[in-house]
Amino acid sequence: MPTELPYAADAEVSLSYDELEVLRLQYQKELSQSHVTTQTKFNYAWGLVKSPMREHQAEGVRLLQELYRAEPSRRRECLYYLSLGHYKMGNYDEAKRFNSLLMEKEPTNLQAQSLASLIDQRITKEGYIGMAIAGGAAALGTILLASLIRRATRK
Amino acid sequence: MDFATLGRAPMHLSLGRRRITSRDLQIVEATDELLSEEVPEPDGVAQNVSLLRGFNATIPSAEKSRIRRRQTRNVDAPRLGLKRLGMSARGMLGGEEDHDGESVASEEDVVYISNSETRGRKSKGKRRGRQSLSAGKTFGREELLRQTQEIERDKENLHVRRTLINSEIVEITNKIEALDAMRAKLEHDLLKLQEDELELDDELEGVKERLELEESTSRTRGVVHVDHIQSSRRRKGPAFLPSEHDELPPAGHSTPITALDFSEPYGTLVSASQEDSQPRVWDLLTGEEVGRLRGHQGTVKCVQVEDQVCLTGGEDGTVHVWDLRRVDDDDEWEGAMLSLSDVAEEDESQDGGVVKTNGIRSGSSKPSSVSERDGPCIRVLEGHTKTVSTLYFEDECLVTGASDKTMRQWDLNTGQCVMTMDILWAISHPTAAIPGNALPNHLFSGAAAAAGTFAVPTPPYADGTWDMYEDFVGAVQFWGYALVSGSGDGAVRMWDMRTGQPHRTLLGHTGPVTCLQFDELHVISGSLDKSIRIWDLRTGGIFETLKYDHAVSALQFDTRKIVAATGENGVKIYNRTSMQHSTLMTNGHMKPVERLRYMDRYLVSGARDSTVKIWAL
């Protein structure tokens with residue numbers, strides 16, 4: 001199967017308001033006719049994920065999850081989009097889990113590989129911040145402790 | 001990774017606007033469930049067209065380049081109404097189309113600014129009048145190459161969209177099929193419920209009658225016995241409670257009714273009359289004639305209808321299989337009418353010439369399928385040398401009885417005669433008859449029967465008229481391998497269809513048996529000897545004898561009643577529980593009733609006054 005997946009950078013390029021509105025209207029129209037085609041749903045979801053607004057992203061991921069449930073044949077593709085959506089939302093753990101499942105199925109998938117490295121970067125970055133915070137807290141603690149001890153020993 | 005979660009904490013804290021909503025939680029919580037789902041290999045459209053491909057093909061910007069090209073060419077985009085029309089007709093992409101205008105409007109501006117010089121020239125040209133592509137404008141090689149590429153991409157996009165729509169259509173078709181199947185199942189369930197209700201009604205009525213009877217006779221019999229046997233001759237098929245009514249199709253026959261049967265209450269009725277080779281098909285719901293069954297070469301003597309399948313047997317010795325769905329009113333029928341007169345002679349000449357076929361050898365008799373014509377006749381079963389007087393079929397098995405004193409078993413799938421059962425042979429090799437029941441004065445001895453054609457005058461009907469009765473085999477019915485026949489020698493024979501041998505003969509009638517039916521417990525037979533006899537299947541003895549004033553020509557029974565045509569104007573009903581006789585007379589036939597058939601509470605009777613009447617029991 002030819003892997004036709006967008007790179008993570010693609011998800012950062014948001015659609016114009018008009019374009020997203022068109023996708024939304026199309027989705028809503030089909031929703032009112034009570035038959036939403038897979039493509040329409042995906043279009044709207046992907047448009048939402050691309051959006052910089054977090055509420056949009058969350059809604060997009062939710063739609064992708066619905067797709068994932070309803071369309072077994074599309075699941076593999078959806079794995080990537082779900083991972084990407086979570087990545088954009090900052091849920092790196094979930095992003096990593098979805099992506100690693102996809103990597104399991106398709107170890108040669110370039111997009112998945114690049115996304116995996118991106119996620120890892122973010123996680124390590126957060127790790128550094130975390131370490132810094134922990135280090136800072138530890139330093140603060142020792143200073144406080146030291147001052148307490150000093151105060152105690154003075155008396 | 002603990003550091004990572006820790007590192008994320010201040011982000012959540014510091015960026016106040018990124019508050020965690022319930023939706024976020026919902027999404028995160030669903031992760032485990034989704035991950036545990038099976039991820040199958042993509043197939044079908046998912047294999048050919050990726051979601052992203054579809055996205056690129058269907059988002060509004062996919063149309064942009066085309067619109068841009070059109071603008072450069074001065075072709076007014078909305079004027080291509082045909083394509084637009086097609087799109088909106090398909091409905092799927094209508095929404096997008098509608099909003100193309102908006103998004104394009106903004107796009108247009110961009111284009112104008114970016115190449116304002118060329119644009120300016122072109123917009124002038126636009127005003128000069130709408131020119132076609134060949135209007136002598138130069139675009140330059142680059143632009144044209146770009147357009148070529150764009151067009152190619154657009155075409156590809158179009159292909160993708162077509163694939164998508166096709167797959168959606170396939171999916172919807174599948175869904176519709178699934179829904180149809182479900183609907184059929186539900187309808188079936190509903191029918192079953194109706195049948196169950198009907199059965200319960202029947203049972204209740206039986207119990208009530210029993211109760212009344214026992215109270216009136218003030219005899220305590222202990223436990224009330226409830227019959228579980230189903231009501232009608234047929235064990236399956238839809239059943240409906242007819243409302244009380246007494247309507248009749250307008251008289252179409254001009255001679256006494258010889259045979260009738262119907263598919264279900266308010267369904268399709270097929271009736272045949274004397275000297276008429278074309279049985280009529282009626283719609284019982286509207287009471288109108290739907291058409292005729294053309295193909296027989298003489299009077300039709302027996303009819304059976306199951307759903308859309310109808311079998312008729314006639315004086316020409318053939319059995320025709322009809323598909324009632326194909327019956328039409330409009331085909332010409334005069335031709336068949338003309339040949340009617342010379343049928344009788346033909347029949348007689350055949351009688352003399354053709355050696356009577358015996359045994360299984362005659363199974364090779366030609367079953368010519370006459371399906372070349374588009375008529376309702378599916379198949380013609382030929383083999384009997386004389387009038388087919390009775391037939392009974394269930395599923396693919398058919399048994400016919402004929403005046404050539406044989407019965408034949410047919411496979412309706414192939415149209416082949418599977419077996420021939422010779423009644424004369426059975427007469428000359430009597431099986432152990434029940435002692436004491438043996439008939440002292442047989443109507444004929446075996447030899448007499450073999451000698452010539454069978455014909456006895458019927459005892460006069462109630463109106464004094466009489467007929468020649470020539471049907472040697474009056475009635476047949478089978479269940480599984482058990483076949484019961486009633487014949488002109490007054491005997492009711494029980495046959496094993498695996499061997500083709502009779503294994504028991506019920507003797508008692510002193511006249512030809514004209515009609516019979518059996519269930520798990522009893523055989524009930526009617527005869528020209530003016531009686532109906534109820535035989536006990538276990539002992540083979542007579543359980544009950546009902547005497548009438550005239551010859552019995554038709555009967556049908558269920559656990560609670562026996563409905564019979566006994567040569568009188570009224571239809572006789574014998575209540576088996578209360579043992580009371582009643583007669584359907586009101587607005588009834590003007591001449592003796594000869595044929596009847598009922599299903600649940602829906603009775604159809606045919607009489608010598610050429611009319612068919614419908615009764616609610």
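**Close-up views of a predicted model**

**View 1. Chain B holds 13 helices and 29 strands.** The model is predicted. Chain B has 617 residues, and 36% of them are buried. Contacts in chain B with a separation of 6 or more were sorted by distance along the sequence. Of these, 53% join residues 24 or more positions apart. As a whole, the model scores ipTM 0.72 and pTM 0.48.

**View 2. Helix H6 of chain A meets helix H2 of chain B.** H6(A) spans residues 92-105, and H2(B) spans residues 22-36. Their axes come within 10 Å. The crossing angle is roughly 15°. Angles under 35 degrees count as roughly parallel, and the two helices, H6(A) and H2(B), are therefore roughly parallel to each other. The crossing of H6(A) past H2(B) is left-handed.

**View 3. Side by side, these residues form the contact between H6(A) and H2(B).** H6(A) contributes Glu94(A), Arg97(A) and Leu101(A). H2(B) contributes Val28(B), Thr31(B) and Leu35(B). By class, the contact has 3 nonpolar, 1 polar and 2 charged residues.

**View 4. Confidence varies along chain B.** The average pLDDT of chain B is 74, and 68% of its residues score at least 70. Residues 76-86 of chain B stay under 50. In the model, that stretch has 4 contacts beyond four places in sequence. Residues 88-132 of chain B also have a pLDDT below 50. This second stretch has 38 contacts in the model beyond near neighbours in sequence. Where pLDDT is low, predicted coordinates should not be read in detail.

Methods
Residues numbered from 1 in each chain as written. Chains lettered and ligands numbered in written order. Predicted model: local features only at pLDDT ≥ 70, side-chain atom pairs only at ≥ 80, totals over all residues. Axes fitted to C-alpha atoms, helices over the stretch in contact; angles between N-to-C directions. Helix = DSSP H or I, 4+ residues; strand = E, 2+ residues; numbered from the N terminus. Parallel < 35°, antiparallel > 145°, perpendicular 65-115°, else oblique. Left-handed = near helix turned anticlockwise from the far one by under 90°. Contact = placed C-beta atoms within 7 Å. Nonpolar A, V, L, I, M, F, W, Y, C, P; charged D, E, K, R; others polar. Buried ≥ 20, exposed ≤ 12 C-beta atoms within 10 Å, placed from the backbone. pLDDT = per-residue confidence, 0-100.
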